[in-house]
Amino acid sequence: MKKYNEKKEVLEKIADSITSWIGSIQSLIVHTLLFLTSFLLPMLNIVDFDKMLLILTTVLSLEAIYLAIFIQMSVNKSHEKIEDIQEDIEEISEDIEDIQEDLEEISEDIEEINEDIEDIQEDIEEISEDIEEINEEEDEEDHNERAKNVILKSNVSSNKNEIKALKDIISQLQNEIDQLKKEDK
């Protein structure tokens with residue numbers, strides 16, 4: 001069986017080579033030279049015209065038969081390849097359907113997660129409200145003390161900014177005075 005397959009492969013390779021060669025420019029040139037030579041032989045009185053036609057017709061008939069077989073072998077091989085490709089396409093289509101189902105499941109999972117997130121956000125809002133209520137119940141002195149500290153920090157910060165602005169103005173004035181002194185000299 002193994003030898004049969006090897007012989008079959010060798011014959012298929014030969015058939016592919018011949019089919020490829022027949023469809024080439026070299027084949028066109030060889031056939032043209034063969035026909036020219038065939039018709040020149042009777043003109044040069046080397047062979048009778050009837051014998052040449054008989055031999056040429058026989059050779060061309062045999063060539064046509066073999067070419068038809070080789071071409072059919074190529075068509076069959078191409079058909080097998082097309083069937084293999086169609087099977088691959090069917091498998092890919094099935095894979096795509098599976099992927100689409102997986103995507104739908106993932107979408108459902110995402111929707112569930114979004115619902116869970118909304119529930120968590122509602123819980124966070126309730127906890128925030130509870131914290132605000134607890135803060136409101138704290139002693140007002142603590143709030144007043146914190147407010148004073150915040151105001152003091154704010155005043156210190158704004159005073160620092162004002163002092164910095166004044167320093168910048170003084171620096172600009174000093175530069176202008178220096179410029180005027182230079183111009184007076």
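I took contact to mean heavy atoms within 4.5 Å, and with that in hand I opened this predicted model and started from a histidine.

**Entry 1, H31.** I looked up where H31 sits and found it in helix α2, which covers residues 25-43. Its relative accessible area came out at 17%, and because buried means under 20%, I noted H31 as buried. I then set aside the neighbours within four places in sequence and listed what remained in contact with H31, which gave W21, I22 and E63.

**Entry 2, the aromatic pair.** How many aromatic pairs does the rule yield? I counted one aromatic pair. The rings belong to Y66 and F70, with centres 6.3 Å apart and planes at 40 degrees, so I entered the pair as tilted, since that angle falls neither under 30 degrees, where planes count as stacked, nor over 60, where they count as edge-to-face. Both Y66 and F70 lie in helix α3, and they are four residues apart, about one turn of the helix. I also checked the accessibility of F70, which at 16% counts as buried.

**Entry 3, E83.** I went on to E83 and placed it in helix α3, residues 49-137. Is E83 buried, exposed or partly exposed? With a relative accessible area of 37%, E83 is partly exposed, because that class takes in what lies between the 20% and 50% limits. Looking next at its side chain, I found a polar contact with the side chain of H79, at 2.9 Å.

Notes: Residues numbered from 1 in each chain as written. Predicted model: local features only at pLDDT ≥ 70, side-chain atom pairs only at ≥ 80, totals over all residues. Heavy atoms only, no water. Helix = DSSP H or I, 4+ residues; strand = E, 2+ residues; numbered from the N terminus. Buried < 20%, exposed > 50% of the residue type's maximum accessible area, 1.4 Å probe, protein only. Polar contact = N/O pair within 3.5 Å; in protein donor to acceptor, adjacent residues only side chain to side chain. Phe/Tyr/Trp six-rings, centres within 6.5 Å; stacked < 30°, edge-to-face > 60°.
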